[in-house]
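Got your viewer open? Load the model, switch to cartoon, and keep the selection box handy; we'll go stop by stop.

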Amino acid sequence: MTDKDILRADREHLVRLLNNAGASKWHGNSCRCPFHDDNSPSGGIFQGDDGAWRFKCFGCEASGDCFDIEGKMTGKTPGDILKTIPKGPTNVAHRQVSNGPRQASGPATASKTKYKTVKEIEENQKYLGKTTVFPYGEDKLQLAVIRVDYHKGGKTFLQVRPEDGAFVMGGLDVNPLYNLKRVRAAKQVIVVEGEKAVHAIHDCDVGPDLVATTSPQGSKSVGKADWSPLAGKDVYLFPDNDKAGQEYVKAVAEKLKELKPRPTVSLINVDELRLPPAGDAVEYLDIYGSGTKEGRKTAALSLTVFA
């Protein structure tokens, strides 16, 4: 059995992907569909005769196995995603043990399997590729986002939350902003898409007055984030250089209009930055940072000039 087959037959993996896409209100195998405005559960998962678990929504017709669902989340074709999965036999026994105990029934298995630490969940994903954990919260962990960069290209994101003294897969009803403690104290905040871009800016040692932040899951979940810490601040929106990036900052700008006092919002003109397609703060600093720590700091502090 290959890794592709195991992933298709892994109910927990499919549920985890759906939860990360925004599925909610699980009742057994039924849930609210994450791909349309679903007021009552119209989606569900089922296991086919071939052993693969699949999702089907009777409201918007979204459907497919774990690779189809990941494709809807990332914009990649299932074929491209399949190319990133290792070929050949896999250590089935290790895979089952590392995933922890399974539950035979009840609401979404992934949301009920409990782990002692976030590290344990991260370790379970390392056979797929490089993993990075991004913690959300101020004095205590509210949410963790695990980024998985597949060995052969592509990436996915998992969400983990604390629950009853343990950790479970799935997000929150209301998400905190990333880097929240520094955001509250800052006068100027740059909103970027993705935790990696936040770290790219802060690694330049820009000081406490210019802070970067983001929200989990991109433009589809902007409405689930609590943007109130940005009230009354000077906010700069830095979109990725693609359609998804523009959609993200547009959605953020709409949410910021609801705040009181309303923040002063400026849009950084990525056309003037001449970034490559899908380029973001990471590429910007690589291009204009002159290859030095001081150069990267100057480039980061200059970002507001392009608004």
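## Stop 1: a pair of helices

Select residues 11-21 (helix H2) and 66-74 (helix H3): their axes come within 9 Å and cross at roughly 15 degrees. With the cut-off for roughly parallel at angles under 35 degrees, that makes H2 roughly parallel to H3. Before going on, keep in mind that this is a predicted model.

Which way do they cross? H2 passes H3 in a left-handed crossing. Now show side chains. On the H2 side, pick His13, Leu14, Leu17, Leu18, Asn20 and Ala21; they meet Cys66, Ile69, Glu70 and Met73 in H3.

## Stop 2: the antiparallel sheet

Next, colour the open sheet built from four strands in the order E6-E7-E8-E9, where the pairing is antiparallel. Which strands stand at the edges? Select 129-136 for E6 and 166-169 for E9: each has a single partner strand, so one side of each is left without a neighbour in the sheet. On average, neighbouring strands here are turned by 25 degrees against each other, direction ignored.

Zoom in on E8 (residues 155-163) and E9, which run antiparallel and are joined by four bridges. For one specific pair to label, take Pro162, whose bridge partner in E9 is Phe167.

Now add the helices back. H7 lies across E6, E7 (143-150), E8 and E9, and runs at about 155 degrees to E6. H9 packs on this sheet too, touching E6, E7 and E8, with its direction making about 75 degrees with that of E6.

## Stop 3: a threonine in a loop

Select Thr113, in the loop between helix H6 (109-112) and helix H7 (118-125). Is Thr113 buried or exposed? Its relative accessible area is 2%, and the limit for buried is under 20%, so Thr113 counts as buried. Put a distance label between the C-alpha atoms of Thr113 and Val168: they are 55 residues apart along the chain, yet separated by 6.2 Å.

## Stop 4: the parallel sheet

Move on to another open sheet of four strands, this one in the order E11-E10-E12-E13 and with parallel pairing. The edges are E11 (210-213) and E13 (264-267); each has a single partner strand, so one side of each is left without a neighbour in the sheet. Neighbouring strands are turned by 25 degrees against each other on average, again ignoring direction.

Select E10 (residues 188-191) along with E11. How many bridges pair them? Four, in the parallel sense. Label Gln188 and its bridge partner in E11, Leu210.

Then look at what packs here. Helix H9 (residues 195-202) lies across E10 and E11, running at about 165 degrees to E11. You met H9 at the antiparallel sheet, where it touches E6, E7 and E8. Helix H10 (residues 243-256) packs on the parallel sheet, touching E10, E12 (234-237) and E13, and its direction makes about 160 degrees with that of E12.

## Stop 5: salt bridges

Last stop: the charged side chains. The structure holds 13 salt bridges, and here are some to click through.

- Asp149 and Arg147: their side chains meet in a salt bridge at 3.0 Å, N to O. Arg147 is buried at a relative accessible area of 13%, whereas Asp149, at 22%, counts as partly exposed.
- Glu254 and Lys257: the closest N and O atoms of this salt bridge are 3.1 Å apart. Glu254 is partly exposed at 42% relative accessibility, and Lys257 is partly exposed at 44%.
- Arg296 and Asp286: a salt bridge with its closest N and O atoms 3.1 Å apart. Arg296 sits in helix H13 (residues 293-301) and Asp286 in helix H12 (residues 281-288), so the pair ties together parts that are 10 residues apart in sequence. Arg296 is partly exposed, with a relative accessible area of 24%, while Asp286 counts as exposed at 51%.

To finish, select Lys119, Glu122, Glu123 and Lys126 together: salt bridges that share partners join these four residues into one network. While you're there, turn on the cartoon for H7 (118-125), the helix that lies across E6, E7, E8 and E9.

Notes: Residues are numbered from 1 along each chain as its sequence is written. This is a predicted model: local features need pLDDT of at least 70, side-chain atom pairs count only at pLDDT 80 or more; totals for chains, interfaces and linings use all residues. Side-chain values use heavy atoms; hydrogens and water are left out. Two strands pair if DSSP finds at least two bridges between them. Helices (H or I, at least four residues) and strands (E, at least two) are DSSP runs, numbered from the N terminus. Axes are lines fitted to C-alpha atoms, for helices over the stretch in contact, and angles run from 0 to 180 degrees between N-to-C directions. Contact means heavy atoms within 4.5 Å. Buried means under 20% relative accessible area, exposed over 50%, partly exposed in between (1.4 Å probe, protein chains only). Angles under 35 degrees count as roughly parallel, over 145 as roughly antiparallel, 65 to 115 as roughly perpendicular and the rest as oblique. A crossing is left-handed if the near helix is turned anticlockwise from the far one by less than a right angle, and right-handed if clockwise.
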